[in-house]
Amino acid sequence: MQSAKTVLGVLRERGRRGLPCEELYRQLFNPQLYLLAYGRIYANHGAMTPGVTSETVDGMSQRKIDRIIEAIRHERYRFKPVRRIHIPKKNGKMRPLELPTWSDKLVGEVIRLLLEAYYEPTFSDHSHGFRPRRGCHTALREVDHTWTGTSWFIEGDIADCFGSLDHRVLLSILGEKIHDQRFLRLVRNMLTAGYLEDWKWGATLSGTPQGGVASPVLSNIYLHKLDEFVETVLIPEYTRGKRRARNPAYLELQNQLAKARRRGDRVSARTLRQRMVSLPSADPGDPAYRRLRYIRYADDHLLGFTGPKAEAEQIKQRLAQFLRDELILELSQEKTLITHARTGAARFLGYEITTQHNDTKKTGRYRRVNGQIALRVPRVVIKAKCAPYLARGNPAKRTALINSSDHAIVATFGTVYRGVVQYYLLAGDVFRLHRLQWVMETAMLKTLAAKHRSSVSKMAAKHKVRVDTPNGPRVCFEARIERKNRKPLVARFGGIPLQRQRAVELAEHLPGQRDARARERVRSVEGDGACRYLQRLAALHTSLVQAAAGSDRYELHRAAEIGRHTLWDAAGLLQNQDTRSASAELIARERLMIQLADQAAQSLKRTHTEDGRPADADQLGWNERPLGPYPPGLEQTARPVSRRTPGTSPLKGFHLMPQTQPDHAVRAADVYLLFAHEPYYLGPGAQEINTTLVAAASLLHPRVRQPDGAQIHDCLTQGRHPGEILPLATLTHELGGGADWPTVGDWESGTTDLLQLVREGECDALSLGLPEIARALICTGPHSHVRTYDAAADQFIAHGPTERAAVLAEVDMFLACLVAEQALWPGDGLLPPLTRHL
């Protein structure tokens, strides 16, 4: 089995050389890619956000990866519908956000890794969105350094880009380089899985899920066609001339100046020189000189044109026509503008971009500022950032933070301020953020003063320190937490020089240390003892993440962050040392994690008490199944779950799949579906399983193909007796011998999905190993016969409705004994049943 690094390296080289991919689907069988994907996304905040089911990163294991690979190997993996919510946009409208389940996130990340490795070498240098080592600052630096002399800005924004990508066009673009139909079918299934909004299923006829892991790279592959059109068609057509022609008026004054100097007329020379300063040396209206420049970040693109406005209008129209005809996209009429570069300013990635012009400002003897690009901080941004910290126009305390520690207060203000300032350090007028600094600083000191019932001046004197920066010493505010034999925890506000930095780059756009460390730690620790130790720490860290996800308290988020670093440090120790030599340090880290978990539980309990809600241990996630056994000193507080042991029938073999039944699960209706399938085995030496019985409500599971499952459920349950077992063959007989199946649904996909749910433990089932005759009777209609040949008696024996009823009666007797103890669990997150009658 090749390592993930080798697989991605080979794909990257094939992409660079322009070679097609013919067996990309086979790479999805490599567990190393899933471990790499897990290491990249497990620490994200969204890892604990459920989709249409309650599945999250909690409970992740190697067995789950093996089940996913097994389903993908046989093309049985089905993406669940995404859960759709709505978040507010800046313009007051709502943006749909789709949340996939954890398994779909994991598979989506593997797809993203493969596609990114192959397509990244082919992407345009002018594309900066969702790409490694690129981001907002790299795009803005390109504009700043190479767009000198721009006359017009063409601001482009695609209306509802992510939600409007045409599936047919996208799959066609992928099919140009990927000659693997299985992989393309998997991508198509991911795109057409649908969504659930208020538990109503909706079809996704276009677009990629906003919130899907693979959506950014798919959008870049789609919009790469736009990059190619601009670079190969528009830019060559609207780029002419090596340099501008000289300005005739400037040349005339230059000749007069030379004559005046030869005559020795200094007064005239000085006058002519002053007139020359007010004129451009090159002809601004030179018809033989044109320049078109282009930059794109996701669906936002900006073009800079040097030439007349009429040609800029033509470029805009041709761009809109290409998007409409070739990519089936529309430009947003509200956001697609043509802006004069000198008198106006374009808005791109939160900055204002304009072209400078000043005939009086000189650097040495020359006017070097004219035509240069200027990046500015929008005034509306400063006003919006200050607004949360103002009351009646003046800085005010943040009441919600008064009960937090000094370290938490300073850290909260410092994090927000540092993020805003570091993003706008490319701006030439970054000094305008002094207003934001004063507002936030005053609000922070007022919050500290309210906490300690003191004054602002005393709080300033207590926390003020002077730090050294590359631009000299600066005053800032610090809060420290001293720790024995360790470096203190320091929270800082300010201390950042508000001076332009041309080479600034946001750290999150580089391959972060978090991803690198996660990739190193995944599967790098061997040995049972080491794995059990890490399982205990992982269970504790999961509880911390769950507590932080359900609260906005700084202490809980800080505890989760410390727990994550502790988990990494422990993995690093076990990677380089054995458990015996590092036992003291490992014990210390485990005690720290237990202490953090206990503090988080107490903090959450206090929060619920203050809100008037009863404290429940379930809020910390103790009722979820951990990655491993709980560590000493931390008891599980979940309610015990009931587990059933496999039973045996007088038939060849009945096996009940042992599943965990949550207390909050929805119980099945008293109707059951019995269907035969390809045989499989539960383990080495186990009996063959060839028939399965499930609750009818399992057809409403989100992972079953919908709406087919709901329609089959409706047909299955209408007019039935309580407790009735209905073979699939009987339902086929009732539907005109199968002629009416197309009007109901795809029964093959439905039973395949049900069997996959059973094997993955997502619902309860009675798994049967029927003899050949009994199975054949189940697979035939209620009035059909099965003939067998008795070699000893040399005659044929007919088995008909009587024998079929006997088989069903025996199954019913065993099922009755079983459900008397506990009903079959149909699964979680079931869809509502249909109300119509077939």
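H13 and H15 are roughly parallel to each other. The exercises start from that pair of helices in a predicted model.

**Ground rules**

Residues are numbered from 1 along each chain as its sequence is written, and side-chain values use heavy atoms, with hydrogens and water left out. As the model is predicted, local features need pLDDT of at least 70, side-chain atom pairs count only at pLDDT 80 or more, and totals for chains, interfaces and linings use all residues. Helices (H or I, at least four residues) and strands (E, at least two) are DSSP runs, numbered from the N terminus.

**Exercise 1. Explain why H13 and H15 count as roughly parallel, and find the residues that meet.**

Step 1. Take the angle. The axes of H13 (residues 379–386) and H15 cross at roughly 5° and come within 10 Å. Axes are lines fitted to C-alpha atoms, for helices over the stretch in contact, and angles run from 0 to 180 degrees between N-to-C directions.

Step 2. Apply the cut-offs. Angles under 35 degrees count as roughly parallel, over 145 as roughly antiparallel, 65 to 115 as roughly perpendicular and the rest as oblique. H13 and H15 are therefore roughly parallel.

Step 3. Look for contact (heavy atoms within 4.5 Å). Ile382, Lys385 and Cys386 of H13 meet Arg435, Leu436 and Val439 of H15.

Step 4. Sort by class. This contact has 4 nonpolar, no polar and 2 charged residues. Ala, Val, Leu, Ile, Met, Phe, Trp, Tyr, Cys and Pro count as nonpolar, Asp, Glu, Lys and Arg as charged, and the others, Gly among them, as polar.

**Exercise 2. Are H14 and H15 roughly parallel or roughly antiparallel?**

Step 1. H14 spans residues 406–423 and H15 spans residues 434–452. Their axes cross at roughly 170° and come within 10 Å.

Step 2. H14 and H15 are therefore roughly antiparallel.

Step 3. Inspect the contact. H14 contributes residues including Ile409, Phe413 and Val420. Among those from H15 are Met440, Ala443 and Leu448.

Step 4. By class, H14 and H15 meet through 11 nonpolar, 3 polar and 2 charged residues.

**Exercise 3. Describe how H3 and H4 pack.**

Step 1. H3 (residues 62–73) and H4 (residues 102–119) pack at about 70°, with axes 12 Å apart. They are therefore roughly perpendicular.

Step 2. The residues that meet are Lys64, Ile65, Ile68 and Ile72 in H3, and Trp102, Ser103, Leu106 and Val107 in H4.

Step 3. The classes are 6 nonpolar, 1 polar and 1 charged.

**Exercise 4. Lay out the sheet that holds E14, E15 and E16, and place the helices on it.**

Step 1. The sheet is open, with 3 strands in the order E14-E15-E16 and antiparallel pairing. Two strands pair if DSSP finds at least two bridges between them.

Step 2. E14 (464–469) and E16 (486–494) are the edge strands. Each has a single partner strand, so one side of each lacks a neighbour in the sheet. The twist averages 50° from one strand to the next.

Step 3. E15 (residues 472–483) and E16 pair over 7 bridges. Arg480 stands opposite Val490 in E16. Ala479 has Ala491 of E16 as its bridge partner.

Step 4. H14 lies across E15 and E16, at about 50° to E16. H15 also touches E15 and E16, and its direction makes about 125° with that of E16.

Step 5. Check the hairpin of E15 and E16. It has 2 residues between the strands, and Asn485 takes a positive phi near 60°.

**Exercise 5. Which strands form the edges of the sheet E9-E10-E11?**

Step 1. This open sheet has 3 strands with antiparallel pairing.

Step 2. E9 (346–348) and E11 (373–376) each pair on one side only.

Step 3. E10 (residues 351–355) and E11 share 4 bridges. Glu352 has Arg376 of E11 as its bridge partner.

**Exercise 6. Locate a cis peptide bond and a positive phi.**

Step 1. Most residues other than glycine have a negative phi, and most peptide bonds are trans.

Step 2. A cis bond joins Gln706 and Pro707, with omega about 5°. Pro707 is in the loop between E19 (688–695) and H21 (708–717).

Step 3. Asp160 has a positive phi of about 50°. Asp160 sits in the loop between E3 (152–157) and H6 (161–164).

**Exercise 7. Where is the pLDDT below 50?**

Step 1. pLDDT is the predictor's confidence in each residue, from 0 to 100. The chain averages 81, and 83% of the residues score at least 70.

Step 2. Residues 507–528 fall below 50. Residues 614–669 do too.

Step 3. Where pLDDT is low, the predicted coordinates should not be read in detail.
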